[in-house]
Amino acid sequence: MGELRRRAWAFALVISLMGSTVAVAQVQRSGEPSEVPQPNLTGDWGGLRSYLEGKGVTFTFNYTNDFLANVRGGIGPGDVDLGVFQPQLDIDLGKLLGWQGGKFHTHGLITHGPAFSPTYLGNILAVSNLEAGPVARLYSFWYEQNLFNDRLSVRAGLMSADSQFLQSKTAANFINNGISWPMFLAANLPAGGPAYPLPDPGIRLRIKPVDELMLQAAVFSGDPSGRYGSNQSAPLPTGTVISFRGGAFFITEASYLLNQGNDAKGLPGTYRLGYWYHTSPRFGDRRFDNTGLSLANPQSTGIPLNHTGDSGIYGVVDQMLYRTPGTTDQGLSAFVRAGGAPNDRNVIDFYADGGLLYKGLIPRRPDDKVGIAAAYARIGDNARGLDADTGLFNSFFYPVRSGETMIELIYQTRLAAWWMVQPELQYIIRPGGGVLNNDGTFRPNAWVIAIRSALSF
């Protein structure tokens with residue numbers, strides 16, 4: 001890491017610890033419309049912005065930048081700058097046309113920066129949830145209709161699942177990609193599933209019969225990359241893709257919403273239980289070929305045995321543990337998530353994460369947040385078996401992967417109402433699950449420093 005970037009990191013760290021402003025929600029990488037008005041660097045545009053918002057038309061321009069540096073371990077040291085610019089338009093049709101409950105949202109995605117995790121770490125749980133390579137695309141384009149005082153909601157169009165399912169407000173403050181879109185989905189579904197950086201055509205139905213209960217289900221096109229629903233690795237497209245190929249991806253979720261109202265006396269919490277199923281007939285086995293031989297066998301065809309369908313279950317707990325007296329959201333919160341999938345056709349058959357976040361730990365800085373989280377991704381039995389077969393058939397030492405663990409420590413503050421800064425540290429244990437580097441040595445545990453900067457224009 002160059003001297004200039006070392007100084008820049010140190011400067012940003014000091015400033016972030018000294019700044020004093022009102023904090024608002026963490027940047028939303030998946031483009032879900034913000035629940036509260038966001039302060040903007042460019043202000044009210046001479047009154048035009050507030051006039052349009054009064055008519056139901058809201059423009060949002062967000063830019064998020066990550067400086068990432070591997071300082072020790074992994075494949076080798078190195079640093080990069082990543083960024084994503086997200087112009088968004090939201091239209092409230094009730095305010096604009098009197099069409100009550102109607103909402104329209106569209107959203108562009110422009111990213112820059114080279115690959116970081118594959119180049120310097122070779123890990124499973126990518127350090128940043130912005131990592132996508134240089135792309136430019138239409139990222140969402142959907143219509144939503146809410147009925148019966150928002151008890152029923154239907155959304156259809158080009159959209160993502162990661163902004164609507166497996167959600168945790170506490171987890172959203174961490175930047176590791178595994179925490180943003182859990183790896184039992186991201187590593188196993190075709191092209192990673194309908195999640196950043198690839199949206200997918202879909203329909204989502206949400207029902208809230210009472211305040212404490214929410215049920216939702218969605219169906220998406222099976223392969224957001226436009227291919228044919230294979231779970232084998234392939235380069236992702238860089239432009240807009242609207243695909244109806246690769247089968248279909250179904251996901252359903254039930255949520256228990258505890259003490260969510262402003263007048264609730266107890267601590268708020270959210271508990272979710274979900275199930276997903278993918279219909280593609282092209283889920284390749286992680287150990288055996290289409291004749292039943294190990295893929296490591298010299299006599300193998302090299303063509304994986306195809307399985308029809310893939311599925312999994314998951315659970316999410318997001319609970320406030322302590323609330324500072326006299327406040328609504330300051331205090332200690334925790335989250336835990338876990339999910340699994342069949343081990344024969346999936347690289348990751350079990351994933352779990354969890355963490356703690358404290359808002360207002362320093363009395364003079366009531367809106368700053370400090371947190372720690374950990375994530376674990378387990379390599380499936382068939383993928384482990386292929387590792388063992390590789391060493392056996394080739395008569396040389398080849399490590400059998402086990403799993404990868406990541407620990408993330410963050411401090412989040414605001415230098416201005418429209419500028420969030422988050423310095424942090426990540427420690428990756430067994431990058432890649434326990435593999436060798438090109439020099440034949442085990443890939444060592446890695447230390448990564450990062451600074452996220454998010455601006456709203």
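Tutor: Start with a yardstick: the expected span of a helix is 1.5 Å times one less than its number of residues. Helices (H or I, at least four residues) and strands (E, at least two) are DSSP runs, numbered from the N terminus.

Student: OK, how does helix α7 do on that, and what span should it have?

Tutor: Helix α7 covers residues 381–394, which is 14 residues. At 1.5 Å a residue, α7 should span 20 Å, and its end C-alpha atoms are 20 Å apart, so the two agree.

Student: Before we go on, what kind of model is this?

Tutor: This is a predicted model, where local features need pLDDT of at least 70, side-chain atom pairs count only at pLDDT 80 or more, and totals for chains, interfaces and linings use all residues. Residues are numbered from 1 along each chain as its sequence is written, and side-chain values use heavy atoms, with hydrogens and water left out.

Student: What's the mean pLDDT of the protein?

Tutor: The mean is 92, and 92% of the residues reach 70 or more. pLDDT is the predictor's confidence in each residue, from 0 to 100.

Student: Where does the pLDDT drop below 50?

Tutor: Over residues 4–28. That stretch has 57 contacts in the model beyond near neighbours in sequence. A contact here means heavy atoms within 4.5 Å.

Student: Back to α7. Which of its residues are buried?

Tutor: Asn382, Ala383, Gly385, Asp387, Asp389, Thr390 and Gly391. Buried means under 20% relative accessible area, exposed over 50%, partly exposed in between (1.4 Å probe, protein chains only).

Student: What covers those buried residues of α7?

Tutor: The cover includes β10 (283–289) and β15. Just after α7, Ser395 takes a positive phi of about 55°.

Student: New topic. How many residues are in the largest nonpolar core?

Tutor: It has 46 residues. A nonpolar core is a set of buried Ala, Val, Leu, Ile, Met, Phe, Trp, Tyr and Cys residues joined through side-chain atoms within 4.5 Å. Those with the most contacts inside this core are Leu166, Ile179, Leu185, Ile251, Trp276, Tyr314 and Tyr351.

Student: And which strand gives the largest share of this core?

Tutor: Strand β15 (residues 369–379), with four residues. There is also a second, separate core of six residues, including Val84, Leu130, Tyr139 and Tyr196.

Student: Tell me about Ile179. Buried or exposed?

Tutor: Ile179 counts as buried because its relative accessible area is 1%. This residue is in helix α5 (residues 177–180).

Student: What does Ile179 touch?

Tutor: Leaving out residues up to four places away in sequence, its partners include Ala171, Phe174, Phe335, Tyr351, Ala373, Ala375 and Met406. Arg337, Asp353 and Glu408 are among them too. Asn129 is 50 residues away along the chain, and its C-alpha atom is 8.5 Å from that of Ile179.

Student: What about Tyr351, what does that touch?

Tutor: With residues up to four places away in sequence left out, Tyr351 touches Ile179, Leu125, Pro182, Met183 and Phe184, among others. Arg337, Ala338 and Tyr376 are also among its partners.

Student: Leu166 was in the core list too. What is its phi?

Tutor: Near 60°, a positive value in a residue other than glycine. Leu166 is in the loop between β5 and α5. Leu166 counts as buried because its relative accessible area is 3%.

Student: And Asp150, buried or exposed?

Tutor: Asp150 counts as exposed because its relative accessibility is 52%. Its loop runs between β4 (136–147) and β5 (152–159). Asp150 has a positive phi of about 65°, although it is not a glycine.

Student: Which residues does the cis peptide bond join?

Tutor: Tyr196 and Pro197, with omega about 5°. Pro197 sits in the loop between α6 and β6 (200–210).

Student: Last one: where is Phe442?

Tutor: Phe442 lies in the loop between β17 (419–429) and β18 (446–456). At 49% relative accessibility, Phe442 counts as partly exposed. Not counting residues up to four places away in sequence, Phe442 touches Phe397, Pro399, Gly434, Val435 and Leu436. Phe442 and Ile75 are 367 residues apart in sequence, yet 9.7 Å apart in space, C-alpha to C-alpha.
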